[in-house]
Each structure stands twice: as C-alpha cells, then as structure tokens.
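Please open the structure in the viewer and keep the sequence beside it. The tour below proceeds from the whole chain to single residues, with a suggestion at each stop for what to select.

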Amino acid sequence: AVRMECRVHLSPSPQNFEFQIGFANAGDTNQAEMGFAEGAAPTWDCVIDSVAGTGTETDNTATAVAANWQILRIEVDPNVEARFYVDDVLISTISGTAGNGVPQGTDTMAWFIRIATASTDDSCILDWVRIWGVRSND
C-alpha cells in the first residue's frame with residue numbers, strides 16, 4: 001500500500017473553502033482523495049473517482065474540527081481499495097477495481113494537495129506531509 005498523511009488546521013469558521021489531499025495517476029483518470037468542502041456541518045469526505053465519473057464517494061464521514069489540528073491519512077492498495085483515517089481512526093473504506101477510481105498498480109501515481117478559497121477570512125495551515133509505502137498489494 002501507499003500512504004499519505006498530513007497534519008492540518010482549518011480556520012475557526014471555514015466558509016467558501018475547499019481542501020483536498022490524495023493520490024492520482026498520470027492524467028488524473030483514477031484518484032483517491034479526502035477533502036473538506038464548505039457546509040453547515042463541516043465534515044471530511046472520502047472519494048475514489050475516475051475521469052469517466054465512475055467511483056464512490058462517502059460523505060459526512062467525520063467532523064472537520066475548525067480551529068483545531070487534525071491528522072488525515074489515506075492508504076491505497078492499488079486495484080483493491082482506499083482507506084481513510086482522521087486522527088488514526090478509520091472513517092471509511094472504499095473498494096474498487098481498476099478503472100473505477102482506485103489508482104492501479106501499474107499507474108504512475110502522484111500525490112496532490114488542493115486548496116481553494118473565495119474568502120480572505122478562511123485559511124488552512126498545513127504543518128507537515130509524509131508519503132510512504134510500497135507499490136504492491138503485500
């Protein structure tokens with residue numbers, strides 16, 4: 001499995017704001033990502049997706065705690081599943097097959113962080129990021 005983990009701190013009352021971390025293959029055709037998007041009840045959402053729009057999303061899986069540090073982790077077993085954690089607690093496991101969102105073992109995988117905001121009051125502090133693992137299903 002390959003893993004990505006980061007420590008993040010959202011602004012006290014995030015609005016008009018998006019934050020995502022994840023893995024994608026070259027061409028961004030298969031990806032596994034975890035993200036926060038604005039909403040009345042801010043939560044971390046877990047997604048596997050493909051360019052064709054096939055895949056799975058698990059919404060509202062864990063509270064995104066404003067004005068507090070949280071550790072997010074994604075583990076991807078290529079061709080099999082993606083697991084999503086907040087503060088070392090497994091919040092979602094999404095199974096998939098090659099072509100419907102889980103990056104494939106033969107893919108050249110890249111990691112990404114996306115931050116978008118439409119307000120100067122919103123921010124996200126990223127303390128650290130680490131990526132590790134082997135590219136097999138062992």
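A residue is called buried when its relative accessible area is under 20%, exposed when that area is over 50%, and partly exposed in between. By this rule, 44% of the 138 residues of the chain count as buried. Please note that the model is a predicted one.

**The whole chain**

Begin with a cartoon view of the complete chain. Its secondary structure consists of ten strands and zero helices. Followed along the sequence, the pattern is therefore written with strands alone: β-β-β-β-β-β-β-β-β-β.

**An open sheet of five strands**

Next, select strands E8, E7, E6, E1 and E10. These five form an open sheet in the order E8-E7-E6-E1-E10, with antiparallel pairing. Which strands stand at the edges? They are E8 and E10 (124-133); each has a single partner strand, so one side of each is left without a neighbour in the sheet. When direction is ignored, neighbouring strands of this sheet are turned against each other by 15° on average.

**The nonpolar core**

Now display side chains and select Phe19, Ile21, Met34, Trp44, Leu72 and Phe84. These are the residues with the most contacts inside the largest nonpolar core, which has 24 residues. Where in the chain does the core draw at least two residues from a strand? Strands E1 (2-10), E2 (17-25), E3 (30-37), E4 (43-50), E6 (69-77) and E7 each supply at least two. The greatest contribution is that of E1, which gives five residues.

**The hairpin of E7 and E8**

Return to the sheet and select residues 81-86, which make up strand E7, together with residues 89-95, which make up strand E8. The two strands run antiparallel and are joined by six bridges. Two of the facing pairs may be picked out here. Tyr85 stands opposite Leu90 in E8, and Glu81 stands opposite Ser95 in E8.

E7 and E8 form a hairpin with two residues between them. Select Asp87 and Asp88 to see the loop that links the strands: Asp87 is placed in this loop, and so is Asp88. What is notable about the phi angles of Asp87 and Asp88? Most residues other than glycine have a negative phi. Asp87, although not a glycine, has a positive phi of about 50°. Asp88 is likewise not a glycine, and its phi is positive at about 65°.

Is Asp88 buried or exposed? Its relative accessibility is 58%, so Asp88 counts as exposed. Asp87, with a relative accessible area of 38%, is partly exposed.

**Arg83 and its acidic partners**

Select Arg83, Asp77 and Glu81, showing their side chains. Asp77 lies in strand E6, while Glu81 is found in strand E7. The side chain of Asp77 makes a polar contact of 2.8 Å with the side chain of Arg83. A second polar contact, of 2.7 Å, joins the side chains of Glu81 and Arg83.

Why do both acidic residues count as buried? The limit for buried is under 20% relative accessible area. Asp77 has 14% relative accessibility and therefore counts as buried. Glu81 has 18%, so Glu81 also counts as buried.

Add Ser95, which lies in strand E8. Unlike the buried Glu81 that it faces, Ser95 is exposed, with a relative accessible area of 52%. Ser95 and Asp77 are 18 residues apart in sequence, and their C-alpha atoms are 9.5 Å apart in space.

**Charges over rings**

For the last stop, select two arginines along with their aromatic partners. The charged end of Arg73 sits over the ring of Tyr85, 3.9 Å from the centre of that ring. This is the Tyr85 that stands opposite Leu90 in the hairpin. Select Arg130 and Trp132 next: Arg130 lies over the face of Trp132, at 3.9 Å from the ring centre. How many aromatic pairs does the structure hold? The number is zero.

Definitions and conventions. Residues numbered from 1 in each chain as written. Predicted model: local features only at pLDDT ≥ 70, side-chain atom pairs only at ≥ 80, totals over all residues. Heavy atoms only, no water. Pairing = 2+ DSSP bridges. Helix = DSSP H or I, 4+ residues; strand = E, 2+ residues; numbered from the N terminus. Core = buried A, V, L, I, M, F, W, Y, C linked by side-chain atoms within 4.5 Å. Buried < 20%, exposed > 50% of the residue type's maximum accessible area, 1.4 Å probe, protein only. Axes fitted to C-alpha atoms, helices over the stretch in contact; angles between N-to-C directions. Polar contact = N/O pair within 3.5 Å; in protein donor to acceptor, adjacent residues only side chain to side chain. Phe/Tyr/Trp six-rings, centres within 6.5 Å; stacked < 30°, edge-to-face > 60°. Lys NZ or Arg CZ within 6 Å of the ring centre and 35° of its normal.
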